[in-house]
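Me: I would like to learn how to read the features of a protein model. May we go through one together, step by step?

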Amino acid sequence: MSQHVLLVDDSATTRAFLKRALALSGLPIAAVHEAAHGQEAMALLAKQPMDLVFTDLHMPVMDGQALMRNMAQSPELCKIPVIIVSADPNAPAAPSGPDCDGCNLRGQLRKPFTPENVRDLLNATLEVSHADNT
C-alpha cells in the first residue's frame with residue numbers, strides 16, 4: 001500500500017533532503033506533502049489522510065510540540081505515527097504537556113541525517129505500526 005507522508009519543517013532544504021531520502025528508502029510513496037509549520041500541517045491533515053508525519057520541533061507559528069498536542073486531541077489524527085526531526089540534542093523523547101497522552105510518537109531522527117538513517121527508522125516505525133493494526 002502506498003503511503004502519504006507529511007514533512008513539517010520550516011527549512012525547505014531539510015524538507016527537500018528528507019523527501020529525497022524517502023524516495024531512496026524503498027517505501028512505496030503515493031505522495032509527499034509539505035508544510036512549513038504546524039498550522040499549515042493541521043490544514044493539510046484536515047484535507048488529506050496521512051500515513052506518517054515527520055516534524056521538526058522548532059518552527060514559527062506552531063512548533064512540533066503543539067502540532068503533536070493538536071493531533072493527539074483528534075480521534076483520527078492521534079493514530080498517525082509521528083517522527084521528530086531535530087538537531088536539538090535536548091529534544092524530548094516524547095511530547096510534553098497534559099494534552100499529549102494520545103501522541104503517537106514513534107521515533108526521532110537527528111539532524112544531520114543520512115538516507116540510511118531515514119530508511120532504518122521507517123522500517124522500524126512501519127513494523128511497529130503494522131503490528132499495532134493486526
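Reply: Certainly; please keep in mind that this is a predicted model. We begin with a pair of charged side chains: Glu 34 and Arg 15 meet in a salt bridge, with N and O 2.9 Å apart. This pair links distant parts of the chain, since Glu 34 belongs to strand 2 (residues 29–35) and Arg 15 to helix 1, 19 residues apart.

Me: Are Glu 34 and Arg 15 buried or partly exposed?

Reply: The general idea is to compare the relative accessible area with a cut-off: a residue under 20% is buried, and one over 50% is exposed. Arg 15 has 14% and is therefore buried. Glu 34 has 33%, so it counts as partly exposed.

Me: How many salt bridges does the whole structure hold?

Reply: A search of the whole structure finds 5. One of them joins Lys 111 to Asp 9, with the closest N and O atoms 3.0 Å apart. The two residues lie 102 residues apart in the chain: Lys 111 is in the loop between strand 5 (105–110) and helix 4 (115–132), and Asp 9 is in the loop between strand 1 (3–8) and helix 1 (12–24). Asp 9 is buried at 4% relative accessible area, whereas Lys 111 is partly exposed at 22%.

Me: Which residues are linked with Lys 111 in a network of salt bridges?

Reply: The network consists of Asp 9, Asp 56 and Lys 111. Another salt bridge brings together the side chains of Asp 120 and Arg 119, at 3.0 Å from N to O. Here Asp 120 is partly exposed, with a relative accessible area of 43%, and Arg 119 is partly exposed at 33%.

Me: I should now like to turn to the strands. In what order do the 5 strands of the open sheet stand?

Reply: To read a sheet, one follows which strand pairs with which. The order here is 2-1-3-4-5, and the pairing is parallel. Strand 2 and strand 5 stand at the edges with a single partner strand each, so one side of each has no neighbour in the sheet. From one strand to the next, the twist averages 20°. Helix 1 packs on this sheet and touches strand 1, strand 2, strand 3, strand 4 and strand 5; its direction makes about 170° with that of strand 2.

Me: How many bridges join strand 1 to strand 3?

Reply: There are 4 bridges, and the two strands run parallel. As an example, Val 5 has Leu 52 in strand 3 as its bridge partner. Strand 3 also pairs with strand 4 (residues 82–86) in the parallel sense, over 4 bridges. Within that pairing, Thr 55 has Ile 84 of strand 4 as its bridge partner. Between these two strands the chain passes through helix 3 (residues 64–72), and this β-α-β crossover is right-handed. Asp 56, which we met in the salt-bridge network, stands opposite Val 85 in strand 4.

Me: Which way do the side chains of strand 3 point?

Reply: In a regular strand, side chains alternate between the two faces of the sheet. In strand 3, Leu 52, Phe 54 and Asp 56 point one way, Val 53 and Thr 55 point the other way, and all are buried. Because 5 of the 5 residues of strand 3 (residues 52–56) are buried, this strand is largely enclosed by the rest of the structure.

Me: How are the residues of strand 4 arranged, and are they buried or exposed?

Reply: Val 82, Ile 84 and Ser 86 point one way from strand 4, Ile 83 and Val 85 point the other way, and all are buried. Strand 4 is likewise largely enclosed by the rest of the structure, because 5 of its 5 residues are buried.

Me: Over how many bridges does strand 4 pair with strand 5?

Reply: The two pair over 5 bridges, in the parallel sense. Among the partners, Ser 86 is matched with Arg 110 in strand 5. Strand 5 is one of the strands that stand at the edges of the sheet.

Note on methods: Residues are numbered from 1 along each chain as its sequence is written. This is a predicted model: local features need pLDDT of at least 70, side-chain atom pairs count only at pLDDT 80 or more; totals for chains, interfaces and linings use all residues. Side-chain values use heavy atoms; hydrogens and water are left out. A salt bridge is a side-chain nitrogen of Lys or Arg within 4 Å of a carboxyl oxygen of Asp or Glu. Buried means under 20% relative accessible area, exposed over 50%, partly exposed in between (1.4 Å probe, protein chains only). Two strands pair if DSSP finds at least two bridges between them. A crossover is right-handed if, with the strands pointing away from the viewer, the path from the first strand over the helix to the second runs clockwise. Axes are lines fitted to C-alpha atoms, for helices over the stretch in contact, and angles run from 0 to 180 degrees between N-to-C directions. Contact means heavy atoms within 4.5 Å.
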